[in-house]
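The following note sets out several points for consideration by a colleague reading the coordinates. Each point is confined to one part of the fold.

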Amino acid sequence: MYKVFENIKSQSRDVAKYWNNKNIHISCIGFENQSAINSDMPFRVMNYDAAVYRKQMTDKKTADRYPVITLVLYFGTEAEWSAHKTLLERLNIPDERLKPFISDYKINVINLAWLSDEQIKLFKSDFRDVVEYLRAARLHETYEGSEKKIKHIEEILDLFKYLSGNSRFDEIKAHIQSLSIDVKGGIKMFDVLQATMDKKFALGRSEGFSLGRSEGIAEMQTALANLYAQGRESDIKRALTDSAYLSELLSTYHN
């Protein structure tokens with residue numbers, strides 16, 4: 001809460017965590033989730049950080065002062081963050097003589113969909129699948145689902161729905177719930193997509209599909225499962241009756 005002249009305003013962080021070493025605060029790290037580019041982000045971040053510094057001033061329990069760091073997590077996939085990343089960039093300064101007296105403030109923006117393979121591998125939590133999904137969306141590639149176990153599968157599927165606008169993820173979640181699978185220890189996203197595919201279209205190995213190699217059936221199931229997850233049911237229906245079109249889809253998937 002803060003006061004602007006006579007008006008009371010409020011502002012809240014998305015996520016804030018303390019990085020502690022026993023009883024010592026090493027840092028306060030805040031996370032701001034952005035699905036859209038916002039030119040005023042330097043103003044917002046500056047307010048968030050200043051609020052924590054203000055708290056340190058009024059905390060009589062300790063005289064320690066620790067840094068505050070904010071990371072802006074950008075979920076966009078069409079273009080990298082192009083808005084201002086510093087306060088000075090955002091301000092309209094009519095007289096250059098003012099500049100030496102203006103304190104600048106920068107923000108840390110992470111373009112999640114543009115992270116490298118090496119950077120993505122550093123993630124140990126379920127968030128790794130989120131970043132892989134974003135990268136696939138940016139490259140217009142099929143999201144295959146990883147072999148890593150996800151602990152919060154329903155929340156991840158909800159996030160995928162929000163990011164893509166695809167209601168098919170609701171169907172996937174409902175199907176997983178109907179299977180009564182114990183997901184407490186984690187479940188692979190690859191298996192989630194495969195299980196949904198098996199129910200919706202009954203394309204198991206017993207159906208006798210053959211693509212000329214032993215791994216062909218599994219590859220076909222995976223390709224069609226990913227098409228379903230993307231909401232491309234019309235492509236799947238056509239592939240089930242048009243062998244030439246099915247071969248074309250699999251060729252694209254394989255490449």
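Does glutamine 56 count as buried or exposed?

1. Glutamine 56. The model discussed here is predicted. Glutamine 56 has a relative accessibility of 3% and therefore counts as buried, the cut-off for that class being under 20%. This residue belongs to helix 1. Leaving aside residues up to four places away in sequence, glutamine 56 touches Asp64, Arg65, Tyr66 and Val68. With tyrosine 66 the sequence separation is 10 residues, and the C-alpha atoms of the two lie 8.3 Å apart.

2. Overall composition. The protein contains 10 helices and eight strands. Of its 255 residues, 34% are buried. Among contacts with a separation of 6 or more, 60% are between residues 24 or more positions apart.

3. Geometry and faces of helix 1. This helix covers residues 41–58, 18 residues in number, and the distance from its first C-alpha to its last is 26 Å, close to the 26 Å expected at 1.5 Å a residue. Its buried residues are Met41, Pro42, Val45, Tyr48, Asp49, Val52 and Gln56. Viewed down the axis of helix 1, these buried residues fall within an arc of 135°, so they line one face of the helix. An α-helix has 3.6 residues a turn, so residues three or four places apart point the same way. On the other side of helix 1, Arg54 and Met57 are exposed.

4. Packing of helix 1. Which elements do the buried residues of helix 1 pack against? The partners are strand 4 (24–34), strand 5 (68–74) and helix 2 (87–90). Val68, one of the residues that glutamine 56 touches, lies at the start of the range given for strand 5.

5. Helix 5. The 12 residues of helix 5 should span 16 Å at 1.5 Å a residue, and the end C-alpha atoms are 16 Å apart, which agrees. Ile153, Ile156, Leu157 and Phe160 are the buried residues in helix 5. Seen down the axis, these residues fall within an arc of 100°, so they line one face of the helix. Glycine 165 follows helix 5 and has a positive phi, near 70°.

6. The second largest pocket. Rolling a probe the size of a water molecule over the atoms shows where empty space is left. The second largest pocket holds about 460 Å³ of space. Its lining is made up of 18 residues, and those nearest the centre are Ser125, Asp126, Phe127, His152 and Ile156. Two elements, helix 4 (127–138) and helix 5 (153–164), give two or more residues to this lining. Helix 5 supplies the largest share, three residues. How many residues of each class does the lining have? There are nine nonpolar, three polar and six charged residues. Ile156 appears both among the residues nearest the centre of this pocket and among the buried residues of helix 5.

7. Glutamate 132. This residue is found in helix 4. Its relative accessibility is 18%, so glutamate 132 counts as buried, given the cut-off of under 20%. Not counting residues up to four places away in sequence, glutamate 132 touches Ile120, Tyr143 and Ser146.

Key. Residues are numbered from 1 along each chain as its sequence is written. This is a predicted model: local features need pLDDT of at least 70, side-chain atom pairs count only at pLDDT 80 or more; totals for chains, interfaces and linings use all residues. Side-chain values use heavy atoms; hydrogens and water are left out. On a 1 Å grid over the protein atoms alone, a cavity is a set of points where a 1.4 Å probe fits but cannot get out, and a pocket is an open set with protein on both sides within 12 Å along at least five of seven lines; lining residues have an atom within 4 Å of a point. Grid points are joined across faces, edges and corners, and a volume is the space filled by probe spheres set on the points. Helices (H or I, at least four residues) and strands (E, at least two) are DSSP runs, numbered from the N terminus. Ala, Val, Leu, Ile, Met, Phe, Trp, Tyr, Cys and Pro count as nonpolar, Asp, Glu, Lys and Arg as charged, and the others, Gly among them, as polar. The expected span of a helix is 1.5 Å times one less than its number of residues. Buried means under 20% relative accessible area, exposed over 50%, partly exposed in between (1.4 Å probe, protein chains only). The arc is that of the directions from the helix axis to the C-beta atoms. Contact means heavy atoms within 4.5 Å.
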